[in-house]
Structures are given as C-alpha cells and as structure tokens.
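Good morning, colleagues. Please have the sequence and the structure open as I speak, and I shall go through the strands, the helices and the aromatic rings in turn.

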Amino acid sequence: MSAPAARRKFKFIGCEIVYRECCHLAASTPHVVDVEFLRKGLHDLETKDMVAKVQQSIDAADATGEYEAILLGYARCNDGLVGVTARTVPLVIPRAHDCITLFFGSRNAYREYFDAHPGTYYKTTGWTERNVGAVDGEYAQPAYGQTGVMGKLGLAQSYQQMVEKYGKENADFILESLGDWRKNYNKFLYLSMGVCDESDYIRRTQDEAAERSWQFEQRQGDMRLLKKLFWGEWDDDFVIVQPGQKIVARNDDRVLDAE
C-alpha cells in the first residue's frame with residue numbers, strides 16, 4: 001500500500017460566484033486550504049483597480065508565511081488579472097477566459113458549448129445567490145457601483161432609477177441609444193453543480209426564461225478543473241506564476257501565462 005500524499009497548505013482567493021463549490025472542495029481536499037472570497041463584479045472595474053484589489057489580498061496572504069501556494073479562483077476576466085504578481089510563494093490560476101469555464105470543467109468543454117449555443121446566459125447557485133441588489137426580477141447593479149466602468153459610463157442605475165432621475169421618455173431613449181444587454185441573449189443555461197439543493201434556483205431561472213420568452217436548458221456542471229486546483233494537480237490547464245513573475249494574457253490557447 002502506497003503512502004498517502006503529503007498534506008500541503010494553500011490559500012484560495014476567488015470570486016464569490018464559486019462560493020459553494022469551493023467551500024465544498026476546501027472541505028474535501030486532502031490538503032488544508034484557507035478560503036477568501038472577493039465580491040462578485042470585480043471585472044466591472046478598470047484593470048488597474050481590479051489588479052490592485054486582488055494583489056492586496058495576495059500580499060496579505062503571502063505576508064503570513066503560512067502557505068505553499070496561493071490559488072486564484074478567477075479567469076482572464078476582462079484582463080483584470082494582467083499584472084498581478086507573485087511575491088514569495090507561487091500563484092496558481094486556471095487557463096480560462098472567464099469563470100464560466102470553472103463550471104464546465106475545461107476550456108474545451110466551454111468553448112464547444114459556447115460556439116454551438118450563441119446568445120446563452122449562464123446561471124449557477126452563485127449567479128443567483130450573489131446577485132446582490134436585484135429587485136423584482138431586475139439584475140443587480142454593478143457591485144462596485146460608481147467606481148466601476150459601468151458607473152463611470154452612467155449605467156450603474158436600474159431602469160426605475162433612470163425613470164425617477166430623467167423621466168420615462170428620457171430613460172427609454174437612453175436605453176434605446178446605449179442598447180439593452182439582454183437583447184443579445186435568447187437562452188438561459190443552468191449548470192447544476194450538485195453541492196446543495198438547487199431546485200429553487202432552477203425553478204426561478206425557468207420562470208425568468210418564460211417571462212423573457214427565452215429558451216431554458218439545465219445541464220450537469222463539472223468541477224474537474226476546480227478539483228484539480230484544490231487537490232494540487234496542476235497540469236497544463238493551469239499557470240504557475242513563480243515568485244517575482246506576473247500574470248500576462250496570451251491571445252492563443254494558453255489564455256494566460258507568466259513572465
């Protein structure tokens with residue numbers, strides 16, 4: 001009988017969109033993983049602002065001297081991690097364009113679905129529970145409000161707030177001129193990850209699809225990529241950013257790299 005693998009200690013820092021999945025993995029991995037979640041919507045900030053917030057959490061974890069590596073629960077995310085630097089311990093990040101990949105289990109699985117089903121809006125427990133500020137079916141305002149790109153463009157307001165501020169006619173004109181993001185979608189895909197009872201979230205997504213006259217599909221998600229991150233099985237699906245290196249973007253299959 002082979003000896004068990006050495007127990008290691010990591011720090012995970014990620015978007016709260018993967019809260020349930022990563023808490024489950026932290027509890028079941030053979031390693032010790034402390035978890036920290038940052039608010040959903042960081043990618044709405046300008047790159048330098050997102051980098052600064054993520055770097056601050058990395059530096060605080062690094063300064064403790066407790067961890068072998070810092071795991072990042074992010075993807076390329078609007079290039080919001082470009083420039084993030086490893087200090088004295090490595091950073092480990094999945095090679096992924098956005099966090100939806102984390103729920104599909106691989107870049108290839110997400111790419112195949114994305115290419116075959118344009119106009120799809122994705123939902124999981126995280127997109128439902130962490131949609132802070134949503135009222136009466138409306139989508140939440142950007143989490144970082146007026147400090148984000150949407151806020152600086154004057155778009156961090158709900159339709160009702162626009163009506164109250166500018167009047168209905170002007171609010172309708174603003175939305176018509178700037179475009180309603182929802183017109184680019186015609187389908188909800190709910191990815192079931194199996195870490196809790198998701199029946200209420202599925203029903204709510206079905207109801208919303210019916211209200212918008214969108215298609216609805218439910219599909220089993222895949223935690224393979226996240227599991228490899230928490231288990232320390234870092235193959236070609238991950239970038240390992242060594243101390244002194246920084247994260248860079250690549251416009252090829254690598255998606256992210258270190259230099």
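I begin with a single bridge: Lys123 has Tyr190, in strand β6, as its bridge partner. Before going further, I should state that this is a predicted model.

That bridge belongs to a pairing of β5, residues 120-123, with β6, which runs in the parallel sense over four bridges. Strand β6 also pairs with β7, residues 215-220, again in the parallel sense and over six bridges. Within that second pairing, Leu191 has Arg219 of β7 as its bridge partner. How does the chain cross from β6 to β7, and is the crossover right-handed or left-handed? The path goes through helix α9, residues 199-212, and this β-α-β crossover is right-handed.

Let us stay with β6 and consider its burial. The strand spans residues 187-192, and six of its six residues are buried, so β6 is largely enclosed by the rest of the structure. The cover extends to both faces. On one side, Lys187, Leu189 and Leu191 are buried; on the other, Phe188, Tyr190 and Ser192 are buried as well. Tyr190, the bridge partner of Lys123, is thus accompanied on its side by Phe188 and Ser192.

I turn next to strand β3, residues 69-73. Five of its five residues are buried, and the strand is mostly covered. Here too both faces are covered, with Ala69, Leu71 and Gly73 on one side and Ile70 and Leu72 on the other. Which strands pair with β3? One of them is β1, residues 9-15, which pairs with β3 in the parallel sense over five bridges; in β3, Gly73 stands opposite Gly14. Another is β4, residues 91-94, which pairs with β3 in the parallel sense over two bridges. Leu71 has Val92 of β4 as its bridge partner.

From here we may move to the nonpolar core. The largest one has 61 residues, and those that touch the most other members are Phe12, Val54, Tyr74, Leu229 and Phe230. Let me take Tyr74 as an example. With neighbours within four places in sequence set aside, its contacts include Ile13, Gly14 and Cys15, as well as Leu38, Leu42, Met50 and Val54. Leu81, Ile93 and Pro94 are also in contact with Tyr74.

Two further members of that group, Leu229 and Phe230, are among the buried residues of helix α10. This helix covers residues 224-231, and six of its eight residues are buried, so α10 is largely enclosed by the rest of the structure. The other buried residues are Leu225, Leu226, Lys228 and Trp231. Gly232 follows α10, and its phi is positive, near 75°.

A loop position also deserves attention. Ala96 is placed in the loop between β4 and α3. Is Ala96 buried or exposed? Ala96 has a relative accessible area of 0%, below the 20% cut-off, and therefore counts as buried. Ala96 lies 21 residues from Ala75 in sequence, yet their C-alpha atoms are 4.9 Å apart. Apart from neighbours within four places in sequence, Ala96 is in contact with Ala75, Arg76, Thr101, Arg107, Val255 and Leu256.

Now to the aromatic rings. The structure holds 15 aromatic pairs. Why is the pair of Tyr110 and Phe114 edge-to-face? The ring centres of Tyr110 and Phe114 are 5.8 Å apart and the planes stand at 65°; planes over 60 degrees apart count as edge-to-face, and so this pair qualifies. Both residues lie in helix α4, residues 107-116, four residues apart, about one turn of the helix. An α-helix has 3.6 residues a turn, so residues three or four places apart point the same way. Their exposure can be stated separately: Tyr110 is buried, at 8% relative accessible area, whereas Phe114 is partly exposed, at 39%. Ring pairs also link Tyr110 and Phe114 with Phe104, Tyr113 and Tyr122 into a cluster.

Two arginines are placed over rings. Arg130 lies over the face of Tyr19, 4.4 Å from the ring centre. Arg212 has its charged end over the ring of Trp214, 5.6 Å from the centre.

I close with the chain as a whole. Its secondary structure comes to 10 helices and 10 strands. Of its 259 residues, 46% are buried. Among contacts with a separation of 6 or more, residues 24 or more positions apart account for 65%.

Notes. Residues numbered from 1 in each chain as written. Predicted model: local features only at pLDDT ≥ 70, side-chain atom pairs only at ≥ 80, totals over all residues. Heavy atoms only, no water. Phe/Tyr/Trp six-rings, centres within 6.5 Å; stacked < 30°, edge-to-face > 60°. Buried < 20%, exposed > 50% of the residue type's maximum accessible area, 1.4 Å probe, protein only. Lys NZ or Arg CZ within 6 Å of the ring centre and 35° of its normal. Pairing = 2+ DSSP bridges. Right-handed = clockwise from strand over helix to strand, strands pointing away. Core = buried A, V, L, I, M, F, W, Y, C linked by side-chain atoms within 4.5 Å. Contact = heavy atoms within 4.5 Å.
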